[in-house]
Amino acid sequence: MEFTIRELLVEDCITASRLIHRVAETFIAPDFSEQGMRHFLAYVRPSALCERLEEGGMLLGAFVAQQLIAVLEMRDGSHISLLFTDGRWHGRGVARTLLQHVLDLPPNLMGKADALTVNASPYAVPIYRKMGFTITGPEGENNGVRSTPMMKILFC
């Protein structure tokens, strides 16, 4: 089944937050402390997503028949702050297509980044590796949120 990608709007923040929350409960909660999940869920609440969007953040969604199936948020034109795909769509290239959509954006929208960075959850590290990211430092924990810094070089 085909999916479409578009920028999310303020009116999409509730739906995006619900999707992220649902996916996080299944795939990242087992690796985070209770404090870490509280901190993460505060970061993805609808008002927080909308605030970052209104401040110029980039929030993209993948849709099938008007249903949101994945969300990608970019910060500063080079850092992936969120990338969540509905579990029913894992392994079907949705995250990779969202990432490629970002890479294909014109420089005035993407910036002139020569690398993309991400702080990947333990669950996501192998997924980012498959998309060409490499680990750049040891796993750390901040406010109970475990992550590993990773980078994808865009230009040689």
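Leaving aside neighbours within four places in sequence, G61 is in contact with T4, I5, R6, L8, L68, A70 and L98. That is a good doorway into this structure, which is a predicted model. G61 is found in strand β2, which covers residues 58-64. From here we can visit the salt bridges, then two helix pairings, and finally two more residues and their surroundings.

**Starting point: G61**

- Is G61 buried or exposed? Its relative accessibility is 0%, so G61 counts as buried, because the cut-off for buried is under 20%.
- G61 and R22 are 39 residues apart in sequence, and their C-alpha atoms are 15 Å apart in space.
- Keep R22 in mind, as R22 returns in the next group, where it forms a salt bridge with D86.

**Salt bridges**

- How many salt bridges does the structure hold? There are eight, and three of the pairs are described here, beginning with D86 and R22.
- In the pair of D86 and R22, the closest N and O atoms are 3.1 Å apart.
- D86 sits in the loop between β4 (79-85) and α4 (94-103), while R22 belongs to helix α1 (residues 13-27), so this salt bridge ties together parts that are 64 residues apart in sequence.
- The two partners can be told apart by their accessibility: D86, at 3%, counts as buried, whereas R22, at 42%, counts as partly exposed.
- This pair also has company, since a network of salt bridges links R22, D86 and R88.
- Another salt bridge joins R146 to D31, with 3.9 Å between the closest N and O atoms.
- Here too, distant parts of the chain are linked: R146 is in strand β8 (residues 145-153) and D31 is in the loop between α1 and α2 (34-43), 115 residues apart.
- R146 is partly exposed, with a relative accessible area of 25%, and D31 is partly exposed with a value of 25%.
- R52 and E73 form a salt bridge as well, and their closest N and O atoms are 2.8 Å apart.
- R52 comes from helix α3 (residues 46-54) and E73 from strand β3 (residues 67-75), so to speak two distant parts of the chain, 21 residues apart.
- Both members of this pair, R52 and E73, are buried.

**How α1 packs against α3**

- The helices α1 and α3 pack at an angle of about 120 degrees, and their axes are 8 Å apart.
- What does that angle make them? Angles from 65 to 115 degrees count as roughly perpendicular and those over 145 as roughly antiparallel, and α1 and α3 are therefore oblique to each other.
- Their crossing is right-handed.
- On the α1 side the meeting residues are C13, I14, A16, S17 and I20, and on the α3 side they are P46, L49, C50 and L53.
- Sorted by class, this contact has eight nonpolar residues, one polar residue and no charged ones.

**How α1 packs against α2**

- The helices α1 and α2 pack at an angle of about 160 degrees, with 10 Å between their axes.
- Because angles over 145 degrees count as roughly antiparallel, α1 is roughly antiparallel to α2.
- The crossing of α1 past α2 is right-handed.
- From α1, the residues I20, H21, A24 and E25 meet M37, F40 and L41 from α2.
- By class, the contact of α1 with α2 has five nonpolar residues, one polar and one charged.
- I20 is worth finding in your viewer, as I20 is among the α1 residues that meet α3 and also among those that meet α2.

**Two more residues to find**

- T148 has its place in strand β8, the strand that also holds R146.
- With a relative accessible area of 6%, T148 is buried.
- Which residues surround T148 beyond its neighbours within four places in sequence? T148 is in contact with V118, N119, A120, V125, I135, G137 and E139.
- D12 lies in the loop between β1 (4-7) and α1.
- D12 has a relative accessibility of 13% and counts as buried.
- Not counting residues up to four places away in sequence, D12 touches R6 and E7, and R6 is also one of the residues in contact with G61.

Conventions
Residues numbered from 1 in each chain as written. Predicted model: local features only at pLDDT ≥ 70, side-chain atom pairs only at ≥ 80, totals over all residues. Heavy atoms only, no water. Salt bridge = Lys/Arg side-chain N within 4 Å of Asp/Glu carboxyl O. Helix = DSSP H or I, 4+ residues; strand = E, 2+ residues; numbered from the N terminus. Buried < 20%, exposed > 50% of the residue type's maximum accessible area, 1.4 Å probe, protein only. Axes fitted to C-alpha atoms, helices over the stretch in contact; angles between N-to-C directions. Parallel < 35°, antiparallel > 145°, perpendicular 65-115°, else oblique. Left-handed = near helix turned anticlockwise from the far one by under 90°. Contact = heavy atoms within 4.5 Å. Nonpolar A, V, L, I, M, F, W, Y, C, P; charged D, E, K, R; others polar.
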